[in-house]
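Work through the three exercises below with the sequence and the model open. Try each task before you read its solution.

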Amino acid sequence: MSATSLLVFDGLLLVSMVSLAWAALASTDERRSVILFMAFGLVVALAWARLLAPDVALAEAAIGAGLAGALLLTAGREQRQPTPVHGAAGVHKRHDAPLGSALRWAVTSMSAALGGTLAWALAHAFSRGPQDGLAQAVSANLPDSGVSNPVTAVLLNFRAYDTLLELAVLLAAVLGILALGRERPGYAASGPVFDGLVRWLVPVLILTAGYLLWVGAHAPGGAFQAGATLAAAGVVLRLAGRRCIGLPQGTTLRILMSAGVGMFLLIGLALLGFGRPFLGYPAAWAGVLILVIESAAMVAIAVTLVLAFLGGRPQPIRVDALGRAPALPPVAAPSGRTREAMPRAESATAEALERCNEEKVRC
Amino acid sequence: MIDGLSFLLIGAGGFFYLAGSIGLLRLPDLYSRLHALTKADNLGLGLLVTGSALQLPEPLIVFKLLLIWLAVLAASAASAHLIARHARRQEARP
Amino acid sequence: MNELIALAALALMLSLLLGLMRVLRGPSAGDRMLATQLIGTAGVGTLLLLSLLLDQPALLDVALILALLAAVAAAAFTGQRQEARHD
């Protein structure tokens, strides 16, 4: 009885995924596509859960359900409204230039080839049993890895090089974001309802991030999910119109950005110095080392995602005598005026940074 | 006995979810849909949480379940408010 | 007991599909946003039931994350930019 219910459940899940994906791609309105894509992310998280992959479901829930939607909506808004618009915001229709038929044929055949390859790989995977894959090797070596969650063991121990390179890719992405210029203009201060929500949501998100980091050693969780949750805390503060979102400035920011790659390299080179292979943890220390690397990676991932949401270099925050940050300067100011305002800002920046760092609670 | 109670609670939870979605489809207006959805869904979730807590009585899990329910309550209320306010603003524009 | 949980999960998935119709049809963007909230809440309920059914307590963590981040999407959708003040 429950088997048939589950079968129908799976069928309904499939139908919703495919129809959401189709609708998101076929929609002509950008905002509608983004909302459909967010809904798609939610349903995909359910699919991962159904497939007994809680680590991926966690990551999909944190990124796809929350952050991706916010990121896309913010970016789309910036594209549509570079200057304030009178009247209705208007719907942004996609103005795609019509593709030439040769290009269209090329794209179709490439997509068909890719789809065919994926289908062949899937069929191949079904014909093999779990005993043929790497699962056996992983579970055989799990006791020596320092953690009891096989996903964390693979990510941080058996395939640590891959994770190091992934963090390096994230660092490159952050450098690209910083090169885009100033951050996007912020949001207006929110009303009392959202403000009240944010007041308790941010501490709970920070606690949950810490919990996910710690639990990643023996249950689904880990640095990436924790980093995404921490980033969500920063994004929520930004959406509430707060000027200080807990993102450090200047040198501290740079250190935190590179913390993931930096900690990996530090530990790897230190192990080399002790005569072990690069990132070859001794079995007794593996758990501690993995936790240290994961903490650094969590911070780096959180900073990367928040900077992606900001959309550029974060501006120094000026704080007045009472420790309050004034509203952001208008975006449409001509460059002459902002250039005059900059030197004054620079001199006040130093003490403002101290005050902002001290009065983190107020910020 | 405990099983029977969970039975009732989880069944009622599912029923309320369905009722909320039917309201979402049939009601005429965004505001009435918001109303139906937020109330019915949160009640359904609360019943599901209580039913599940009876099935898994460990303290950490019960705490997590309660936290989930409270978070969904607060987040749904705030989201409903934000969506309704946004819709009013859209209506007020020329 | 398991049969009932599976049936309840099915009911939740049905309500999710009904919400899907509102997402695809809904005349205004607010309707779509609203239906996304439904998908979020139904997702949390489904994850709860799946964690009971498949005996995976980790799915409760997934439900927690979904519950906490549900408001972020609505806030991003309805947020007013700073320059809205200068209109």
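**Exercise 1.** State how confident the predictor is in chain C and in the complex.

Solution. Start with the chain: chain C has an average pLDDT (the predictor's confidence in each residue, from 0 to 100) of 85, and 93% of its residues score at least 70. The model is predicted, so local features need pLDDT of at least 70 and side-chain atom pairs count only at pLDDT 80 or more, while totals for chains, interfaces and linings use all residues. Residues are numbered from 1 along each chain as its sequence is written, and chains are lettered from A in the order in which they are written. Next, take the complex: its ipTM is 0.91 and its pTM 0.83.

**Exercise 2.** Describe the side of chain A that touches chain C.

Solution. First count the residues in contact (C-beta atoms, placed from the backbone, within 7 Å): 59 come from chain A and 49 from chain C. Then list the helices (DSSP runs of H or I, at least four residues, numbered from the N terminus): α1, α2, α3, α8 and α9 of chain A each supply at least two residues. The most come from α2(A), with twelve residues. Last, sort by class: 45 are nonpolar (Ala, Val, Leu, Ile, Met, Phe, Trp, Tyr, Cys and Pro), three charged (Asp, Glu, Lys and Arg) and eleven polar (the others, Gly among them).

**Exercise 3.** Do the same for the side of chain B that touches chain C.

Solution. This contact takes 39 residues from chain B and 38 residues from chain C. On chain B, α1, α2 and α3 each supply at least two residues, and α3(B) gives the most, with 15 residues. By class, 23 are nonpolar, eleven polar and five charged.

Definitions and conventions. Two residues are in contact if their C-beta atoms, placed from the backbone, lie within 7 Å.
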